[in-house]
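Biologist: I should like to go through several descriptions attached to this structure and hear the reasoning behind each of them.

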Amino acid sequence: METRRIKAVINGREITSEPGVTILQAARANSIRIPSLCDHPALPPSGACRVCLVEVEKNPKLLPACTTPLTDGMVVDAFSPKALAARKAVVEMLLIRHPLDCFSCESNGRCDLQNLAYELGIEESPFRNDGDVCTEHELDNTNPFFIRDMNKCILCGRCVRACDHQSGYHAIDFQFRGIKTMIHPPVGSKLEESDCVFCGQCVQMCPVGALTEKKAVGQGRAWQTKTVRTTCPYCGVGCQLDLHVNGDRIARVTGTEDGMPNLGRLCVKGRFGYDFIYSDERLTKPLIRVRKGEKKSPDDEFREASWDEALDLVSSRLKEVMQKHGPDAVGGVSCARSINEDSYSMQKLFRMVFQNHNVDHCARV
C-alpha cells in the first residue's frame with residue numbers, strides 16, 4: 001500500500017515529503033538549506049539553539065524547524081525578515097561570551113558559528129560589554145586525545161547527544177544552572193574518571209572550537225586540507241574514515257557520516273590511532289631471516305627481499321613440511337584486519353590446495 005505523501009512549500013519551492021518528518025528534515029531531503037547549530041542528521045532533535053526558527057504562513061509565532069512537524073499545505077520561509085532578525089539576535093547573544101579569536105582558533109574555516117555570523121553580517125555582539133572576558137573556564141588539556149575549551153562552548157548539546165545516542169555512553173551532560181551552565185562529566189569528577197572511552201564522537205559533532213583533536217593542532221586549516229575516504233585498518237568491521245590530509249600528512253580523522261557500517265561513528269583507535277603509519281619501525285619490504293646457527297636465535301639477522309623471493313620461500317617451506325609430515329601439519333589463521341575476500345581466499349587455499357580444514361580466525365576468541 002502506497003504511503004500518502006504531503007505537499008508543502010519551503011523557501012518558495014514546492015516539495016513532497018513523507019508524513020511524520022520535521023520541517024528541517026524535509027528541507028534537507030530536498031537539498032534546501034535551513035541554518036542550524038544544535039541539529040545534526042545523525043542525532044535526535046533538541047530545539048536548543050533556536051537558529052532554525054522559520055516563519056510559517058498563518059502562524060503568529062516563529063517555529064523551530066528542527067522540532068516542528070511538516071504538515072500538508074504548509075508554507076515555510078526560513079529567510080523572511082522576521083526569521084532573519086530572530087536568527088541574527090540569537091547569534092549575537094551567543095557571541096556575548098564566545099571568544100572572537102577566529103584567527104587563532106583551530107576550527108577557523110569549519111566553524112558553523114563563524115560561518116553563520118559571516119552570513120548574517122555580524123562582526124561582534126552589540127550586547128557585549130568591554131569587560132566581558134571569555135576565560136571563565138580553564139582550558140582542559142589533560143587527556144592525550146582532545147582539548148576541551150568550554151569558553152567556546154555554545155551549549156548546543158550535540159556532544160551530549162552524540163555520547164548518549166551514538167557511542168552508547170553518558171559520560172557528559174549539562175551541569176549547573178543559568179549562566180554557569182556547562183557541559184561536564186558528573187559533578188565532582190574528571191573526564192578521565194567518567195564513563196568516557198575517548199572515542200572522540202563528541203569532537204566530531206562539535207560545531208565550534210570547544211572540542212579539538214590534540215593531534216590536529218597546527219596541522220593545517222580547513223582550506224589547506226583535502227578529504228580522502230578510506231577504510232579503518234584496525235579490525236574487520238570496515239568502518240569508513242575521512243582522512244583530512246595536508247600535503248602528505250594526516251591532519252585529523254573523522255568518520256564518514258554517510259558511510260556504512262559505522263555512519264560516522266569511530267572508536268578511539270580508528271579516530272586517533274593513525275600515528276603508526278609514520279613510524280620509522282614500520283615494515284615496508286619483505287624480510288627473510290638469516291640464521292647465525294642451526295636454530296632460530298635472537299642474534300639472527302633479517303635481510304630485505306623482493307616479494308617474489310619471499311613468497312617462493314614460503315611456498316617451498318610449506319611443501320617441505322607437508323611432504324615430511326602430511327597436509328595436517330600446516331594451518332592458517334586469518335587476521336581480523338583482512339578484508340572478507342582475503343579470508344575467503346585463505347580458507348580456499350587450505351581446503352582446496354592443502355587438502356585440510358585447519359583454518360581459524362583471530363576474532364573467534
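Biologist: Why is His137 called buried or exposed, whichever applies?

Modeller: The model is a predicted one. In it, His137 has a relative accessible area of 19%, and buried means under 20%, so His137 is buried. The residue is situated in the loop between α3 and β6.

Biologist: Which residues is His137 in contact with, leaving aside its neighbours within four places in sequence?

Modeller: His137 contacts Met150, Asn151 and Met182.

Biologist: What makes His40 buried or exposed?

Modeller: The relative accessible area of His40 is 9%. Because the limit for buried is under 20%, His40 counts as buried. It lies in the loop between α1 (23–29) and β3 (53–56). Not counting residues up to four places away in sequence, His40 touches Arg28, Arg158, Met205 and Glu257.

Biologist: How are α2 and α3 oriented to each other, and why is that word used?

Modeller: The axes of α2 (residues 81–94) and α3 (residues 112–119) cross at roughly 130° and come within 10 Å. Angles over 145 degrees would be roughly antiparallel, and 65 to 115 would be roughly perpendicular. The angle of roughly 130° belongs to neither range, and α2 and α3 are therefore oblique to each other. Their crossing is left-handed.

Biologist: Which residues form the contact of α2 with α3?

Modeller: From α2, Arg87, Val91 and Leu94 meet Leu113, Leu116 and Ala117 of α3. These residues divide into 5 nonpolar, no polar and 1 charged. Arg counts as charged, whereas Val, Leu and Ala count as nonpolar.

Biologist: What is notable about the backbone of Leu155 and of Gln355?

Modeller: Most residues other than glycine have a negative phi. Leu155, however, has a positive phi of about 55°, and Gln355 has a positive phi of about 60°. Leu155 lies in the loop between β6 and α4 (158–166), and Gln355 in the loop between α8 (340–353) and β16 (359–361).

Biologist: Why are Leu155 and Gln355 assigned their respective accessibility classes?

Modeller: Leu155 has a relative accessible area of 29%, which falls between the limits of 20% and 50%, so Leu155 is partly exposed. For Gln355 the value is 56%; exposed means over 50%, and Gln355 is therefore exposed.

Biologist: What is the peptide bond from Met260 to Pro261, cis or trans?

Modeller: That bond is cis, with omega near 5°. Most peptide bonds are trans. Pro261 is found in the loop between β12 (249–255) and α6 (268–272).

Technical notes
Residues numbered from 1 in each chain as written. Predicted model: local features only at pLDDT ≥ 70, side-chain atom pairs only at ≥ 80, totals over all residues. Heavy atoms only, no water. Axes fitted to C-alpha atoms, helices over the stretch in contact; angles between N-to-C directions. Helix = DSSP H or I, 4+ residues; strand = E, 2+ residues; numbered from the N terminus. Parallel < 35°, antiparallel > 145°, perpendicular 65-115°, else oblique. Left-handed = near helix turned anticlockwise from the far one by under 90°. Contact = heavy atoms within 4.5 Å. Buried < 20%, exposed > 50% of the residue type's maximum accessible area, 1.4 Å probe, protein only.
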